[in-house]
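Work through the exercises below with the sequence and the structure open beside you. Try each task by yourself before you read its solution.

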Amino acid sequence: MYREVNVLGVYVAPFVVMMLIAWAASVPLGILGARLQLGRWVWHPGLFNLSIYVIVLSIIVIVSGAHQ
């Protein structure tokens, strides 16, 4: 069972922490994608970045749930 995380005296849901970790992990992936010029091959770069974020977040949730 997930427990709330204490952040400076404020209890937040663990999903918020997972979302922040996924964002921190997807930013370098976006920079790498821009460096490799993946924007030429995708229809909508914003949706592509969102999908990368959702994939990373899903992996984090699955991995953290497996360790419970």
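The exercises that follow concern a predicted model, and each one is solved step by step.

**Exercise 1. Find out how confident the predictor is along the protein chain, and which elements have the lowest and the highest mean pLDDT.**

Solution. Begin with the whole protein chain, which averages a pLDDT of 90, with 96% of the residues scoring at least 70. Then go on to the elements, where strand E1, residues 5-7, has the lowest mean pLDDT, at 83. Helix H1, which covers residues 14-35, has the highest, at 93. As a rule for reading any such model, predicted coordinates should not be read in detail where pLDDT is low.

**Exercise 2. Decide whether Met 18 is buried or exposed, and list its contacts beyond its neighbours in sequence.**

Solution. First locate the residue: Met 18 is found in helix H1. Next take its relative accessible area, which is 10%. Buried means under 20%, and therefore Met 18, with its 10%, counts as buried. Now look for contacts, leaving out residues up to four places away in sequence: Met 18 touches Tyr 2, Leu 57, Ile 60, Val 61 and Ser 64. As a last step, compare sequence with space, for Met 18 and Ser 58 are 40 residues apart along the chain, while their C-alpha atoms are separated by 9.4 Å.

**Exercise 3. Name the residues of the largest nonpolar core, and say which helix supplies the largest share.**

Solution. The largest nonpolar core has 6 residues in all, namely Met 18, Ala 22, Tyr 53, Val 56, Leu 57 and Ile 60. To see where they come from, turn to the helices: H1 and helix H2, which spans residues 45-66, each supply at least two residues of this core. The largest share, 4 residues, comes from H2. Met 18, treated in the previous exercise, belongs to this core, and two of its contacts, Leu 57 and Ile 60, are members as well.

**Exercise 4. Describe the largest pocket by its volume and by the residues that line it.**

Solution. Start with the volume, which is about 230 Å³. The lining consists of 15 residues, and those closest to the centre of the pocket are Leu 29, Gly 30, Gly 33, Phe 48 and Asn 49. Both H1 and H2 supply at least two residues of the lining, but H1 gives the most, with 7 residues. Finally, sort the lining by residue class, which yields 10 nonpolar residues, 5 polar ones and no charged ones.

**Exercise 5. Take Phe 48 from the pocket lining and work out how accessible it is and what it touches.**

Solution. Phe 48 has its place in helix H2. Its relative accessible area is 30%, and because a residue is buried under 20% and exposed over 50%, Phe 48 falls in between and is partly exposed. When residues up to four places away in sequence are not counted, Phe 48 touches Leu 38 and Val 42. Phe 48 and Leu 20 are 28 residues apart in sequence, and their C-alpha atoms are 18 Å apart in space.

**Exercise 6. Examine the backbone angle phi at Leu 8 and Gln 37, and state where each residue lies and how accessible it is.**

Solution. Recall first that most residues other than glycine have a negative phi. Leu 8, however, has a positive phi of about 55° although it is not a glycine, and Gln 37 likewise has a positive phi of about 55°. Leu 8 sits in the loop between E1 and E2, whereas Gln 37 is found in the loop between H1 and H2. For accessibility, Leu 8 has 85% and counts as exposed, while Gln 37 has 44% and counts as partly exposed.

**Exercise 7. Classify Tyr 11 and Gly 46 by their relative accessibility.**

Solution. Tyr 11 lies in strand E2, residues 10-12. Its relative accessible area of 62% is over the 50% cut-off, so Tyr 11 is exposed. Even so, Tyr 11 touches Glu 4, Val 5 and Asn 6, not counting residues up to four places away in sequence. Gly 46 lies in helix H2, and with 39% relative accessibility Gly 46 counts as partly exposed. To finish, Gly 46 and Val 61 are 15 residues apart in sequence and 23 Å apart in space, C-alpha to C-alpha.

How values were computed. Residues are numbered from 1 along each chain as its sequence is written. This is a predicted model: local features need pLDDT of at least 70, side-chain atom pairs count only at pLDDT 80 or more; totals for chains, interfaces and linings use all residues. Side-chain values use heavy atoms; hydrogens and water are left out. pLDDT is the predictor's confidence in each residue, from 0 to 100. A nonpolar core is a set of buried Ala, Val, Leu, Ile, Met, Phe, Trp, Tyr and Cys residues joined through side-chain atoms within 4.5 Å. Buried means under 20% relative accessible area, exposed over 50%, partly exposed in between (1.4 Å probe, protein chains only). Contact means heavy atoms within 4.5 Å. On a 1 Å grid over the protein atoms alone, a cavity is a set of points where a 1.4 Å probe fits but cannot get out, and a pocket is an open set with protein on both sides within 12 Å along at least five of seven lines; lining residues have an atom within 4 Å of a point. Grid points are joined across faces, edges and corners, and a volume is the space filled by probe spheres set on the points. Ala, Val, Leu, Ile, Met, Phe, Trp, Tyr, Cys and Pro count as nonpolar, Asp, Glu, Lys and Arg as charged, and the others, Gly among them, as polar.
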